[in-house]
Amino acid sequence: MKRIAIIGGGAAGLVAAYYAKKEDTSVVVYEKNGVVGKKLRLTGNGRCNYSNADLSILHFEHSRGYSEPDFMDSFALEDDLKLIDKVITDDGNNQFTGFLNEIGIVSCEHNGYFYPLSERAGEMTDVLFGALKRRGVDFRLSAPVEEIKTDSEGKFVIGEDLYDSVILACGGKAAPSTGSDGGGYRLARSFGHTVTYTYPSLVPLLVRNHITDELAGVRVKGRVKGFYDDVNAGCNEGEIQFTKDWISGIPVLQVSRRLTRPIEEKRAVCLEMDFLSFLGENENDAFLEKRLSNLGDLELDLFFEGILPDKLYRFLLSEFRKLDYHETFETDTDKARFLDFIRHYRIEITGHAGFPQAQCTRGGVLLSEVGDHMESLKTPGVFFAGEMLDVDGDCGGYNLQWAYSSGRKAGENA
Ligand SMILES: Cc1cc2nc3c(=O)[nH]c(=O)nc-3n(C[C@H](O)[C@H](O)[C@H](O)COP(=O)(O)OP(=O)(O)OC[C@H]3O[C@@H](n4cnc5c(N)ncnc54)[C@H](O)[C@@H]3O)c2cc1C
């Protein structure tokens, strides 16, 4: 019997356990919490968005390419991205969905986003746990692994137990209350691995001034572009949410991936909001003309009413008025200027909400030290899976797909 230890009972570790368990292997999962999959149970607002129909490599990144202004071109050539691409495209969402079916979970798709049919992440985790137990995987719960030694025969020693291979699936630092607090990196380092700087990713952002006080509670559809030192760090569209402390919502989380590092480096970071993203870039004139022909008599205070949430409209009007000292803003030119203003409204960003509020970790175990079977190039017999590697994906099921694909590779090859 080959003996395999898996450290971490999150999405990646559980998948790895499933594929590692064969007739001639014994598999033990060590999980520091009293239950497995604490984070998995929270995913997708409790609905578990596990994958996406579009698994293009453009949805995955690693931390090292960040500083290139033209990052997409420079990424495309990098070996690390090729590794991510290979691991993802070797199986993809069909394989993930097939795996879920195999253990009894029916799935569904909404606009390219995959969920379990029940849309209950907790139930999905329970079914997965049950399938693993039936398969003969052994679990050590409330069992944090602090140290893994090697003996003279090259076996891995955890407490009193000896193993032929070890899969490290300890997660990153995001949402540390779920167990992944970065402690796994210490184990990786003990096997000779480099861990990059880590930053929160998919995280709400902090705004300097009065904006969030005034706009708390506003939810509005729009397009968000992120900039650091005037470098375009990406763009996304969807519902923007203002809370008392943060600015959030899917498009903000998406662009946060490339902004948390510049924020920590105290660079000039801002978000540019287009609150009329339903219009094409060059459609201002046509839109204004039509509106003028219908509502041309109205003063600016009323002219755009009905397009934006009222609280946001009033706020933007008062910000617009601060730009200039006219008494009135009633001309067609003022209306055109205001339209342009609300399509390029810039908000200065001064902080992020940190790992406790983040959905993912940017950075981790360096990919160039891992082979495409997820085996360590430093210490044979050690494998990696999931978020503890330097891979982070967009919102939309990409991080769980990475956990699945890398977990499967590690499990099959361990
Ligand atoms: C609120 C929230 C919502 C999310 N929603 C989605 C979504 O809808 N779709 C999506 O694709 N992604 C989502 N994500 C991201 C996704 O959940 C993670 O990327 C993924 O779960 C990572 O899996 P993992 O197994 O690598 O790590 P984790 O899930 O973090 O699991 C690691 C496990 O290892 C254990 N552990 C760590 N160190 C040790 C040790 N030394 N000894 C023993 N055990 C240890 C931890 O307790 C933990 O259980 C979300 C994340 C959050 C926080």
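## Exercises on a predicted two-domain model

Leaving aside neighbours within four places in sequence, Ile6 contacts Gly13, Ala16, Ala17, Val27, Val29, Tyr30, Ile167 and Ala169. The model used in these exercises is predicted.

### Exercise 1. The nonpolar cores

Task: Find which residues of the largest nonpolar core touch the most other members, and name the helix that supplies the largest share of this core.

Solution.
1. Start with Ile6. Its partners include Ile167.
2. Now take the core as a whole. It has 69 residues, and Ile6, Ile167 and Leu168 touch the most other members.
3. Next, sort this core by element. H1 gives the largest share, eight residues.
4. Look for another core. A second one, separate from the first, holds 38 residues, among them Val203, Val252, Phe338 and Ile347.
5. Set this against a general trend: nonpolar side chains tend to be buried together in soluble globular proteins.

### Exercise 2. The domains

Task: State where the domain bounds fall and describe the contact between domain 1 and domain 2.

Solution.
1. Read the assignment. Domain 1 is made of 2–199 + 362–413, and domain 2 covers 205–352.
2. Take the centres over C-alpha atoms. They lie 38 Å apart.
3. Count the contacting residues. Domain 1 brings eight and domain 2 brings nine.
4. Classify the domain 1 side. It has four nonpolar residues, four charged and no polar.
5. Step back to the protein. Its C-alpha trace spans about 85 × 40 × 35 Å along the principal axes.
6. Add the secondary structure: 13 helices and 21 strands.

### Exercise 3. The ligand shell

Task: Determine which residues come nearest to the ligand and which helix gives the largest share of the shell.

Solution.
1. Collect the shell. There are 39 residues around the ligand.
2. Pick out the nearest. These are Gly8, Gly10, Gly171, Gly179 and Gly386.
3. Check the helices. H1 (11–20) and H13 (398–413) each supply at least two shell residues.
4. Find the largest share. H13 gives four residues.
5. Sort by class. The shell has 16 nonpolar, 18 polar and five charged residues.

### Exercise 4. Two positive phi angles

Task: Cys48 and Lys266 both have a positive phi. Decide whether each is buried or exposed.

Solution.
1. Note the angles. Phi is about 65° at Cys48, which is not a glycine. At Lys266, also not a glycine, phi is about 60°.
2. Place Cys48. It sits in the loop between strand E2 (25–30) and strand E3 (51–52).
3. Count around Cys48. It has 26 other C-beta atoms within 10 Å, so it is buried. The cut-off for buried is 20 or more.
4. Place Lys266. Its loop runs between helix H8 (260–264) and strand E17 (269–274).
5. Count around Lys266. It has 8 C-beta neighbours inside 10 Å, so it counts as exposed. The cut-off for exposed is 12 or fewer.
6. For context, 44% of the 414 residues of the protein count as buried.

### Exercise 5. Confidence

Task: Find where the pLDDT is below 50, and say how such a stretch should be read.

Solution.
1. Take the overall values. The mean pLDDT is 92, and 95% of residues reach 70 or more.
2. Locate the stretch. Residues 65–77 have pLDDT below 50.
3. Check its contacts. Beyond near neighbours in sequence, the stretch has 13 in the model.
4. Apply the rule. Where pLDDT is low, predicted coordinates should not be read in detail.

How values were computed
Residues numbered from 1 in each chain as written. Predicted model: local features only at pLDDT ≥ 70, side-chain atom pairs only at ≥ 80, totals over all residues. Near = placed C-beta within 6 Å. Nonpolar A, V, L, I, M, F, W, Y, C, P; charged D, E, K, R; others polar. Core = buried A, V, L, I, M, F, W, Y, C linked by C-beta atoms within 7 Å. Contact = placed C-beta atoms within 7 Å. Domains from an automatic or database assignment. pLDDT = per-residue confidence, 0-100.
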